[in-house]
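Please open the model in a viewer and keep the selection tool at hand. The tour below proceeds from one selection to the next and describes what is found at each stop.

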Amino acid sequence: PYFIGSSDHITLCLYSGYLTRRLSTWVCIPNHEVYRVWLDMFARAVLGSNIADSSINYERGALLKELWQGKTKILKDLAISSHSVLSNHNEYLEKDYANHFANTIVAVSRFGMLTHPNQKSVQLSEIVPIRENHTGVGKCDYIMRLHSTHNQANQFAAIVEFKLIEKAKRGNPAHHQQLAQRGLDQIAKCDYSTCLVGCLERIDVGIAIGNNVVEVVCKLYRRKNTDSPWEEVDTLADVGC
């Protein structure tokens, strides 16, 4: 769905039958064939052809289920694709990569990759992205509020901290691992999770990134209620899904 603004081409598509109203202020594509064409074009524009072909064919909730299990393969692929426009430059900071990563995550949510797998009728993932969020001590780079394993909106969160791999060290895998771990440790040290009011599950993610070089480390946490302390777990996917 898209929000209806003052765009003339939205009005034209509505009257021509390529779009239909979902709510008074939202429209969607009713024709499956037209939708698939749009989806392919959208994926290639945002992700590039290499990632787009596989991304639109992922099963429903693929990225969300990986995060529940503490896996990061898809996240790593998306982090690489998200900064393709930066690949010829070397003067960018962590926040630049974080912004491109955030845009990519919002884009793939339209493929249903962050939708709870039980929500068969929902194409657009319901996510609440927050960039450079003020929380705890300082600011974390990126936070998402997602559906928990129990299919409760905004009760699962992903906290992401980026660290930039310097150009001279992009061929040093051990350094990449250390940087990613430093980002992960910063999340805990600075108490970034204090802003997660109402969340019962979370994943902390440290990403070291520099052009097409990416290293990702993560930890999963769960708590019984909002007043309980967070406890580290191996997986969140053992219940509710």
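Select R202 and Y221: the charged end of R202 is placed over the ring of Y221, at 3.9 Å from the ring centre. Add W230 to the selection, since R202 also lies over the face of this residue, 4.9 Å from the centre of its ring. The model is a predicted one, and these distances are computed from it. As for contacts between aromatic rings themselves, the structure holds 0 aromatic pairs.

Next, keep R202 and add D204. The side chains of D204 and R202 form a salt bridge, with N and O 2.8 Å apart. Both partners are buried. D204 belongs to strand β7, and its relative accessibility is 1%, so D204 counts as buried. What does D204 touch, leaving aside residues up to four places away in sequence? Its contacts are I159, L184, I187, V217, C218, K219 and Y221. Y221 is thus touched by D204 and has the charged end of R202 over its ring. Display the C-alpha atoms of D204 and A158 as well: they are separated by 5.9 Å, although the two residues are 46 residues apart along the chain.

Now select R222 and E201. These two residues form a salt bridge in which the closest N and O atoms are 3.6 Å apart. The pair links distant parts of the chain, with R222 in strand β8 (residues 213-222) and E201 in strand β7 (residues 201-210), 21 residues apart. Is each partner buried or exposed? E201 is buried, at a relative accessible area of 3%, whereas R222, at 21%, counts as partly exposed.

A search of the whole structure finds 3 salt bridges, and the next selection, D77 with K73, is one of them. Their side chains meet at 3.2 Å, N to O. Both residues lie in helix α5 (residues 73-82); because they are 4 residues apart there, about one helical turn separates them. K73 is exposed, with a relative accessible area of 53%, while D77 has 21% relative accessibility and counts as partly exposed.

Turn from charged groups to nonpolar ones. In soluble globular proteins, nonpolar side chains tend to be buried together. The largest nonpolar core here has 41 residues, and the members touching the most other members are L63, L78, F101, I105 and I207. Colour helix α6 (residues 94-109), which contributes the largest share of this core, 7 residues. Then centre the view on L63. Apart from residues up to four places away in sequence, L63 touches I74, L75, L78, I105, M113 and L114. There is also a second, separate core of 11 residues, which includes C140, I187, Y192 and C199. Of these, I187 has already appeared among the contacts of D204.

For the final stop, select H116 and T149. Where is H116 found? It is in the loop between α6 and β4 (128-134). H116 counts as buried because its relative accessibility is 0%. Its side chain reaches the backbone oxygen of T149 at 3.5 Å.

Conventions
Residues numbered from 1 in each chain as written. Predicted model: local features only at pLDDT ≥ 70, side-chain atom pairs only at ≥ 80, totals over all residues. Heavy atoms only, no water. Salt bridge = Lys/Arg side-chain N within 4 Å of Asp/Glu carboxyl O. Helix = DSSP H or I, 4+ residues; strand = E, 2+ residues; numbered from the N terminus. Buried < 20%, exposed > 50% of the residue type's maximum accessible area, 1.4 Å probe, protein only. Phe/Tyr/Trp six-rings, centres within 6.5 Å; stacked < 30°, edge-to-face > 60°. Lys NZ or Arg CZ within 6 Å of the ring centre and 35° of its normal. Core = buried A, V, L, I, M, F, W, Y, C linked by side-chain atoms within 4.5 Å. Contact = heavy atoms within 4.5 Å. Polar contact = N/O pair within 3.5 Å; in protein donor to acceptor, adjacent residues only side chain to side chain.
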